[in-house]
Amino acid sequence: MMLNGMRNEVRSCPYSFPQSPDFLKSDQRGSVIGRLSAKDQYLKVGNGPARFAHVALAAPGDVGSWEFKTKGYQFWTQANERGIFFIKAVLPGIYNLYSWVSGVMGNYITNIKLPRLVFKPPRDGPTLWEIGMPDRSAAEFYVPPNETKYNNNLYLKQDTFRQYGLWERYTKIYPKKDLVFTVGTSDYKKDRFFADVLRVHVDGSSQQPKYGFDVVRLELELFRHELAKKHYIVAYNKMDIPPTAS
């Protein structure tokens, strides 16, 4: 009943009852229909219709800029298996069309009129190796069973990586050595943890505090290169312990 009610609400939008002149009714909004294809010059198979691509109209910007927009509206839809998409109830304005395709690297952007569109992923050469799929999901990696006390019934059979507290499982499963992925032999479904979890913290009482600090710095740089360039303050705790003070 709840699912049917949600679908009815989605079909009813935009509502007709608001009286504010700032809320535009259906006949005051536009729609966009188009077809998107994917063409990766280094793939022998998989090119063609952008099956089930996520497509959006959002404020003009650079490739992928929609992820950082906090103002204005974004209008999203998902293409069908033939790459055909339909975005309805779009407010008047100037937009870029953005898209990402599960299994295809990069983001797509265009600000032209919409004929049949072709997405050519950014490439410097053929893929030498990859871990997982470029699908913006961690579902294909190893997701450990959750502790019962944290279980959310919504994610018992699907999207299990969304369970609360799973990041704490890493240290318990691998108490001494980190999980190592070897390109060419490892299976990302078993040998790649679904999240990047830090076990190291900078502590003056540890045997290798400098190593702990370097790990934290490396994680920042891997997350975003600009962060590693910023000024920072180093604070060691437990400096009153005799071995540490010396």
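How many bridges pair strand 1 and strand 5, and in which sense do they run? Select both strands and you'll find five bridges, with the pairing antiparallel. For a single spot to zoom in on, pick Val 32: standing opposite, in strand 5, is Ile 87.

**Before you go further**

You're looking at a predicted model, so try colouring the chain by pLDDT. The chain's mean is 80, and 80% of its residues reach 70 or more. Confidence is highest in strand 4, at 94, and lowest in helix 6 (residues 242–245), where the mean is 56. Where pLDDT is low, don't read the predicted coordinates in detail.

**Back to strand 1**

Now add strand 2 (residues 48–49) to your selection. Strand 2 pairs with strand 1 over two bridges, again in the antiparallel sense. Look for Ser 37, which has Pro 49 of strand 2 opposite.

**The open sheet**

Next, select strands 4, 3, 6 and 7. Those four form an open sheet in just that order, with antiparallel pairing. At the edges stand strand 4 (75–78) and strand 7 (108–110); each has a single partner strand, so one side of each has no neighbour in the sheet. From one strand to the next, the twist averages 20 degrees. Zoom in on strands 3 and 4, which are joined by four bridges, and you can spot Val 55 opposite Thr 77 of strand 4.

**Into the cores**

Show side chains for Leu 36, Ala 53, Leu 57, Phe 85, Ile 87 and Val 101. In the largest nonpolar core, which has 19 residues, these touch the most other members. Strand 1 (30–38), strand 3 (54–58) and strand 5 (84–90) are the elements giving two or more residues to this core. Click on Ala 53: leaving aside neighbours within four places in sequence, its contacts include Leu 36, Thr 77, Trp 100 and Val 101.

There's a second, separate core too, with nine residues, among them Ala 138, Phe 161, Tyr 170 and Phe 194.

**Last stop: Gln 163**

Go to the loop between strand 8 (116–119) and helix 2 (169–173), where Gln 163 is found. Is Gln 163 buried or exposed? Its relative accessible area is 5%, so Gln 163 counts as buried, the cut-off being under 20%. Follow the side chain of Gln 163 and you'll get to the backbone nitrogen of Asn 152, at 2.7 Å. Not counting residues up to four places away in sequence, Gln 163 also touches Asn 146, Tyr 150, Asn 151, Tyr 155 and Leu 156, along with Asn 152 itself.

Conventions
Residues are numbered from 1 along each chain as its sequence is written. Side-chain values use heavy atoms; hydrogens and water are left out. A nonpolar core is a set of buried Ala, Val, Leu, Ile, Met, Phe, Trp, Tyr and Cys residues joined through side-chain atoms within 4.5 Å. Buried means under 20% relative accessible area, exposed over 50%, partly exposed in between (1.4 Å probe, protein chains only). Contact means heavy atoms within 4.5 Å. A polar contact is a pair of N or O atoms within 3.5 Å; within protein, one must be able to donate a hydrogen and the other to accept it, and residues adjacent in sequence count only if both atoms are side-chain atoms. Two strands pair if DSSP finds at least two bridges between them. Axes are lines fitted to C-alpha atoms, for helices over the stretch in contact, and angles run from 0 to 180 degrees between N-to-C directions. pLDDT is the predictor's confidence in each residue, from 0 to 100.
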